[in-house]
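Me: I have a fold on my screen and would love to talk it through with someone patient. Could we go over it together, one question at a time?

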Amino acid sequence: MTSTAPTATRAVSAAPSRTAAVRRRRYGAPAVLLAPFFVLFTGATLVPVGYAAYLSLYAEHRSGLGFGGSETVFTGLGNYTRALGDAAFRGGFLNLAQYCLLYIPLMMILALVLALLLDSALVKARRFFQLALFLPHAVPGTIATLVWIYLYTPGISPVIGALNSLGAEADLLGHPLPAVVNMAVWEWTGYNMVIFFAALQAIPREVLEAAVVDGAGPLRTALSVKIPLIRSSLAVVGLFTVIGSLQLFTEPMILHGTTPSVVSTWSPNMYAYTAAFERHDYGLAAASSVLLALAAAALSFVVTRATRARGEDRPQPATEAAA
């Protein structure tokens, strides 16, 4: 009797240690594997955002004509008030909204249509067309913009010259919004088409064969079977496209040196760049950047909630409903 009591006591005391060891083995490996990501995320995202938020609360005041030095003064939300009260900053958001309304639906529809065509059994040389459509994305954005500026500029552009010879006076840089949208569509359609095509290839072939047996044609199969089954890919591409569209900078910035119709504050990112590196107003630049980040976060939340709500409202198959 006396020998069994210490054994039971040791067994009870050893149970928590075994549980702790199991927990360490269970969570140790994921923690080690995720540590590099969190370190990079903290250093490349959280720290810059926090520093921008800190800078946005201060402003530099210069005395006299600027020869007396400058003084950093806490302004609170003063920089945010200045940014929101600036017509140039609000105009940049208006240009960005018009850009998103044109670019996002056009690019998404074009990429989806191309992916559906490549997934069709009637398409020959599928790999060639995949590579040809993806190649524009492989060209750096700056080089692509310079090429399009060459095609847009009167006097040197063969396209403008051909249109003028036909009697059509074309000024593609007079209204820069279509030009910027065209550049972005040319660059990103092939990239997103590859994502949609990969999702279409993952659809079980027996599902498509069942649709054909039921009498569905190619168009009906695409609209009723293929597109609903790749809805998650559509949502992810839409989310990333919204975030990327709000960061518009390269194309209008290069166009700024070519045409007077693109001012230095044409987009919110250009406004922040001009405030920081031309006017040296780092507080205003930080405040406008934080406002843009908040707008991106809000739109991302809206897109995520909208796609999730549509997924929940989607009717379930008969087998799942019966279960």
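## Helix α9 and its surroundings

In α9, the buried residues are Thr221, Ala222, Val225, Lys226 and Pro228. Keep in mind that this is a predicted model.

Me: Which elements cover the buried residues of α9?
Reply: Happy to start there. Thr221, Ala222, Val225, Lys226 and Pro228 are the residues of α9 that need cover. What lies over them includes α3, α7 (176-201), α8 (205-213) and α10 (231-246).

Me: How far does helix α9 reach from its first C-alpha to its last?
Reply: Helix α9 covers residues 218-229, which is twelve residues. At 1.5 Å a residue, 16 Å is expected, and the model comes close to that. The span from first to last C-alpha is 15 Å.

Me: Is lysine 226 buried or exposed?
Reply: A residue counts as buried under 20% relative accessible area. Lysine 226 has 11% relative accessibility, so the lysine counts as buried.

Me: Which residue meets the side chain of lysine 226 in a salt bridge?
Reply: The N to O distance in this salt bridge is 2.8 Å. The pair links distant parts of the chain, with lysine 226 in helix α9 and its partner in helix α3, 107 residues apart. That partner is buried too, with a relative accessible area of 7%. The residue is aspartate 119.

Me: What else does aspartate 119 touch, not counting residues up to four places away in sequence?
Reply: Aspartate 119 is part of helix α3, which runs over residues 87-119. Lys226 is among its contacts, as the salt bridge suggests. The others are Arg126, Phe197, Leu200, Gln201 and Arg205.

Me: How many salt bridges does the structure hold?
Reply: One joins aspartate 119 and lysine 226. Another is formed by aspartate 281 with arginine 82, where the closest N and O atoms are 2.4 Å apart. The structure holds two.

Me: How many residues apart in sequence are the parts that aspartate 281 and arginine 82 tie together?
Reply: The salt bridge between aspartate 281 and arginine 82 is the one with closest N and O atoms 2.4 Å apart. Aspartate 281 sits in the loop between α12 (268-277) and α13, while arginine 82 is in helix α2 (residues 78-85), so the parts tied together are apart in sequence by 199 residues.

Me: Which of these is buried, aspartate 281 or arginine 82?
Reply: Buried means under 20% relative accessible area. Arginine 82 has 38% and is partly exposed. With a relative accessible area of 15%, the buried one is aspartate 281.

Me: Which residues does serine 288 contact, leaving aside neighbours within four places in sequence?
Reply: Serine 288 belongs to helix α13 (residues 282-313). This serine is buried, at a relative accessible area of 1%. Its contacts are Phe89, Tyr271 and Ala272.

Me: Why is the pair of tryptophan 188 and tyrosine 191 called edge-to-face?
Reply: A pair of aromatic rings is described by the distance of the centres and the angle of the planes. Planes over 60 degrees apart count as edge-to-face. Tryptophan 188 and tyrosine 191 are both in helix α7, three residues apart, about one turn of the helix. Their ring centres are 5.5 Å apart, and the pair is edge-to-face because the planes stand at 90 degrees.

Me: Which residues form a cluster together with Tyr54 through ring pairs?
Reply: Tyrosine 54 has its place in helix α1, and at 44% relative accessibility this tyrosine counts as partly exposed. Among the structure's 14 aromatic pairs are those that link Tyr54 into a cluster with Tyr51, Tyr58 and Phe74.

Me: How large is the nonpolar surface patch that includes Leu46?
Reply: Leucine 46 lies in helix α1 (residues 4-55) and is partly exposed, at 46% relative accessible area. Leu34, Phe37, Phe38 and Phe41 make the patch together with Leu46. Its area is about 490 Å².

Me: To finish, what share of the protein chain's residues is buried?
Reply: The chain has 14 helices and two strands, and its accessible surface comes to about 19,900 Å². Of the 323 residues in the chain, the buried share is 32%.

How values were computed. Residues numbered from 1 in each chain as written. Predicted model: local features only at pLDDT ≥ 70, side-chain atom pairs only at ≥ 80, totals over all residues. Heavy atoms only, no water. Patch = residues over 30% accessible without salt bridge, like charges linked within 9 Å, V, L, I, M, F, W, Y side chains within 5 Å. Areas by Shrake-Rupley, 256 points an atom, 1.4 Å probe, with all protein chains shown as cover. Salt bridge = Lys/Arg side-chain N within 4 Å of Asp/Glu carboxyl O. Helix = DSSP H or I, 4+ residues; strand = E, 2+ residues; numbered from the N terminus. Buried < 20%, exposed > 50% of the residue type's maximum accessible area, 1.4 Å probe, protein only. Contact = heavy atoms within 4.5 Å. Expected span 1.5 Å × (residues − 1). Phe/Tyr/Trp six-rings, centres within 6.5 Å; stacked < 30°, edge-to-face > 60°.
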